Amino acid sequence: MSEKLDLILFGVTGLVGRYGVRYLYRLCKEKNLTWGVAGRSEYKIKKVLEKLEDETKDQSVAKIPIILADMSDEQSINQMTSRCKVLIQACGPLRQMGEVVVQKACIQSRTHYVDVSAEENFIDKIQVEYHEDAKKAGIYVVCACGFDCVIYDLGLKHLQHKFKGTVNSVETYLKLDYHNPTLTGPSYNVSTWNSTIDLLVNKHELKALQAKIFNKHMPKLKPALDTKYFPFKPHVEDGWSILLTGSDRSVMMRTQQYLYEEKNHRPVQIQTYLMLKALYYLIFFVIYGLMISICLPFKLGRKILLRYPAFFSAGVFGSREPSAEMCENSYFRLTFVAKGWKNKIIGPHEKLNEMPNHGMILQIKGNNPGYRVSALCLILSGFLLSTQSNKLPGKPGVYTPGIAFRDTTIVKDLDDHGLSFNVLNEFAITS
Ligand SMILES: NC(=O)c1ccc[n+]([C@@H]2O[C@H](COP(=O)([O-])OP(=O)(O)OC[C@H]3O[C@@H](n4cnc5c(N)ncnc54)[C@H](OP(=O)(O)O)[C@@H]3O)[C@@H](O)[C@H]2O)c1
């Protein structure tokens, strides 16, 4: 059998996959890595490669190996994973079918794995059920490598590095907006909508999974960070903040738990918020939230939600794919507000009488978070598994991006690709 490819991008025909293939092409060319593309439609894959050849004027693109694989066909998945050292999974939704790729294929063929999922129940299930198997197989499995979790998890790591002391708490504020607000059309793909509805319907699974993941014996930290359940106006952004539940926070918390258990670091308390730029957005948000929660418990309601994404999301999602123009029209700003103690390393069980005396504001920003940034984070994650294996955690297993890549060059690489990680301000806290 011919030698294994360094990397395969599975799901190259999707929107994330099509953005991703350009990054993969450039990075593999730079480092002379071998790579292939996979999906379930040869016709669609060839179209993607033709476009890449057109853009790069590189005729060798036509020779890139194409692997046909469908998540509903276990054998094809096995054949695909046994052809590479690292699988980059850009397919979705994953909750119903994605498990087979990790469970039956990557573990058996000892293939490292990264994916773009933001489906919290899928991410947690892989952690709970496959960490030990991945460890035995000697592979690294890293879910949640899209915009959502990578930016948060590695942003916090970068902030802690810059803080030079001990961070007690972090609040994050995510602002998503458009450069040109008059452009119309959906901004996000229907697969993300479908995953979100699926997650809401199956929220009960999440509780049971998280009870297994989160250690009940984590230290009780003081001062405790308050959760703001009601909308409020923060100091760092214009507009209103609402509590954001989802995979970003749980992935960051899992990283903090690992750092406490394995390295005896004091965990950071975290809360995540979403910015809405004016009061009327907040009112719309509540109305749409209510409409969705009325439909969710009923089979017919769920059918309607899946059928009419544009109606239930005020046009943010649509049944057709967002245009390239619309994707590039979007931008994000993620602001971290940290409080803690400057120049003091505090152990997880150390009791301090002193209140936090230092604050820091770190901001990450960039364009097209849903697709360009997600694809970049995903491809870099797979690429670093392949090229910086000496900087990964000593023991293989299932890890968050913040654990797997904390010692790699990922933050610098993201920065080099146009995402800025900037400390905006440092301030003294006087009570
Ligand atoms: N973490 C983040 O921040 C983030 C951001 C964006 C997207 N996402 C997630 O990433 C996933 C992909 O998003 P997208 O917008 O690229 O979606 P998309 O355009 O709908 O693409 C989905 C991809 O999955 C493939 N696929 C679906 N079912 C398959 C199966 N049974 N076997 C093999 N391939 C299958 C599709 O193949 P065909 O082309 O043959 O249909 C396509 O390549 C979604 O789950 C989305 O929620 C996460």
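Helix H1 (residues 15–31) packs against helix H14 (residues 369–387) in this predicted model. Their axes lie 8 Å apart and meet at an angle of about 40°. Angles under 35 degrees count as roughly parallel and 65 to 115 as roughly perpendicular, with the rest, short of the antiparallel range over 145, called oblique. H1 and H14 are therefore oblique to each other. Their crossing is right-handed.

On the H1 side, the contact is made by Leu15, Val16, Tyr19, Gly20, Tyr23, Leu24, Leu27 and Lys31. H14 answers with Tyr371, Arg372, Ser374, Ala375, Leu376, Leu378, Ile379, Phe383 and Thr387. By class, the residues of this contact divide into twelve nonpolar, three polar and two charged.

The domain assignment gives two units: domain 1 (5–142) and domain 2 (147–371 + 410–428). Their C-alpha centres are 26 Å apart. Across the boundary, 15 residues of domain 1 are in contact with 21 residues of domain 2. H1 appears here too: H1 and helix H5 (120–137) each supply at least two residues of the side of domain 1 that touches domain 2. H5 gives the most to that side, with seven residues.

The table sets out the classes for both contact sets.

| Contact set | Nonpolar | Polar | Charged |
|---|---|---|---|
| H1 with H14, residues of the contact | twelve residues | three residues | two residues |
| Domain 1, side that touches domain 2 | seven residues | three residues | five residues |

Notes
Residues numbered from 1 in each chain as written. Predicted model: local features only at pLDDT ≥ 70, side-chain atom pairs only at ≥ 80, totals over all residues. Axes fitted to C-alpha atoms, helices over the stretch in contact; angles between N-to-C directions. Helix = DSSP H or I, 4+ residues; strand = E, 2+ residues; numbered from the N terminus. Left-handed = near helix turned anticlockwise from the far one by under 90°. Contact = placed C-beta atoms within 7 Å. Nonpolar A, V, L, I, M, F, W, Y, C, P; charged D, E, K, R; others polar. Domains from an automatic or database assignment.
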